[in-house]
Amino acid sequence: MVNTRGLSARQLTALVVARATSCAGFFAVLPYLGLWLVDSRGLSGADAGLVVGAAILANRAGGVLLVPLIHRLGLKASVGAGYLGAALAFAVLGAGLRLPAYGWLVVAALAGLSLAMATTAMKAQVAAFPPDQRLRGFSYLNMAVNAGSAVGPVIGGALLEWHAGWLPLAAAALDLVALAAVPALPGTWRASEPPQQAAGNDDGEKGRGRWLPQRPFVAFSLLVCGTWVAYAQVFDVLPAYLGDTISTRDLGLVFTLNAVLVVALQVPVSALSRRVLNRPRAGFGLLCTAANVILAAAVVLFAFGRTGGLGLLLAAMVLFTLSELVWSPLYDAQVGERRGSLSTTAAYALAGVAWGAAESAGAWLGTLLAVRPAEPGALSPAAAPYWGAAALALLTGLAMSWNGRRTTDRRAPAGHTPDTPPSGHERNSHDVDMPARP
């Protein structure tokens, strides 16, 4: 059970350690996986690209395939099984085997699926925290992700130069560290419901609601896609857009600034966000609007990055990070609030598919336009994805503000705060090994 009086320091530490080390392992391998497969395993560039694509797709969208298994195992056991599976898959990658291209594709996809299982189950764990702790938990997860994604490529780059064969083994070792932290996570090792009960609602409808998203959840998940398209222009497209106008060292400094600010500021910014959410009206809409306006401003500044110099890029990254500190944990927390009759696990898996698809589409279109030869100015065709993404972010903020006001008005008569879901019989039974409410 969750400690409804507050999360212990041990639980929060376990969340951060598990998420940070698993992310470090994944990002130690992913940026260099294609090069490693070509140089160390003799694959062609096309085959290596397919393997990398399989790992990314499985990691982004694979959670939705594993929801029935997560329901059966329970959340804590699923997190542990995911990290164990990822450690084994990375160990196979580093075992010195000579596999055909499809063999590497299967192993890489299994690594991605295993991490997707652990991530989906962990998010469902955090969603089961008491309402006043939920945003705090997702804030710590966001902090851990940024720390891991900053450290991982440094580890991978060093190993690639020093001993390339150890690259996947390092990822396996980091996943074992994450696995060691699992016993300290909140919750029990077993699902709270027998499988036959978990398959249905209280009225015996065989769990149709657990898989059929309702309109508010669908609307929220799709509206948020605009933010993820804007996010992709920074983390996925920016290196291609800047090209050789900035050195690799300076570009690394820009991204390192993001990770440092997230680690340093996530907790106080989330505390401020919780205060805004506790406003009598429209706290969620206000936060979403502010975050997306700041995100739009950051993306516009990045559009001038080819001619503006390092100082402008650093300023843009500060704005981008301030926005991310608000919307990233807030969106994750809202998935649990707006899931309706969906199981918590299914809600996070489906949201992950939608947001991963939005980021992938934004990265594809942005890269396609950014790499074309063009004038360096911010009004060149190469900068078009940034202006489009800024417009999308503004529209997302406006739409979420309106959506937040509607949600507030709808809940207020029932006596619930805007960001606290109904309790007891007003909600379906929680599908996890922890209660959704105290």
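Let us start with one pair of residues: Glu359 and Arg60 join their side chains in a salt bridge, with 2.5 Å from N to O. A salt bridge here is a side-chain nitrogen of Lys or Arg within 4 Å of a carboxyl oxygen of Asp or Glu. This pair links distant parts of the chain, since Glu359 sits in helix α15 (residues 344-370) and Arg60 in helix α2 (residues 45-61), 299 residues apart. Glu359 is buried, at a relative accessible area of 6%, whereas Arg60 is partly exposed, at 37%. Buried stands for under 20% relative accessible area, exposed for over 50%, and partly exposed for what lies in between (1.4 Å probe, protein chains only).

Before going on, a word about the model and its numbering. The model is predicted: local features need pLDDT of at least 70, side-chain atom pairs count only at pLDDT 80 or more, and totals for chains, interfaces and linings use all residues. Residues are numbered from 1 along each chain as its sequence is written, and side-chain values use heavy atoms, with hydrogens and water left out.

Now step back to the whole chain. It has 16 helices and 0 strands; both are DSSP runs numbered from the N terminus, helices being H or I with at least four residues and strands E with at least two. Of its 438 residues, 53% count as buried. Take the contacts (heavy atoms within 4.5 Å) between residues at least 6 apart in sequence: 81% of them join residues at least 24 apart. The chain exposes about 18,300 Å², and carbon and sulfur atoms supply 66% of that area. Accessible areas come from the Shrake-Rupley method with a 1.4 Å probe, and for residues only the protein chains shown count as cover.

How many salt bridges does the structure hold? There are 3, and we have met one of them, between Glu359 and Arg60. In another, the side chains of Lys123 and Asp332 come together at 3.3 Å, N to O. Lys123 belongs to helix α5 and Asp332 to helix α14 (residues 305-337), so this pair ties together parts that are 209 residues apart in sequence. Asp332 counts as buried, at 11% relative accessibility. Glu337 and Arg134 also meet in a salt bridge, at 2.4 Å from N to O. Because Glu337 lies in helix α14 and Arg134 in helix α6, the pair ties together parts that are 203 residues apart in sequence. Both Glu337 and Arg134 are buried.

Stay with helix α14 a moment longer, for Gly336 is found there too. Gly336 counts as buried, at 6% relative accessibility. Gly336 and Pro131 are 205 residues apart in sequence, yet 9.9 Å apart in space, C-alpha to C-alpha.

Helix α6 (residues 131-162) also holds Asn142. Is Asn142 buried or exposed? At 7% relative accessibility, Asn142 counts as buried. Its side chain is joined to that of Ser328 by a polar contact of 3.1 Å. A polar contact is a pair of N or O atoms within 3.5 Å; within protein, one must be able to donate a hydrogen and the other to accept it, and residues adjacent in sequence count only if both atoms are side-chain atoms. Leaving aside residues up to four places away in sequence, Asn142 touches Val262, Gln266, Glu324, Ser328 and Pro329.

Next come the aromatic rings, which form 18 aromatic pairs in the structure. One is the tilted pair of Phe235 and Phe255, 5.3 Å from centre to centre with 55° between the planes. Phe235 is in helix α10 (residues 215-235) and Phe255 in helix α12 (residues 248-277), 20 residues apart. Rings of Phe, Tyr and Trp (its six-membered ring) pair if their centres lie within 6.5 Å; planes under 30 degrees apart count as stacked, over 60 as edge-to-face and the rest as tilted. Phe235 is partly exposed, at 27% relative accessibility. Both rings belong to one aromatic cluster, formed by Phe220, Trp228, Tyr231, Phe235, Phe255, Phe320, Trp327, Tyr331 and Trp355.

Finally, look at the surface, where Leu50, Leu105, Val106 and Leu110 form a nonpolar patch with about 330 Å² of accessible area together. Patches are made of residues with over 30% relative accessible area and no salt bridge: like charges are joined within 9 Å, nonpolar side chains (Val, Leu, Ile, Met, Phe, Trp, Tyr) within 5 Å. Helix α5 (residues 101-127) gives the largest share of this patch, 3 residues. Leu110 lies in helix α5 and is partly exposed, with a relative accessible area of 45%.
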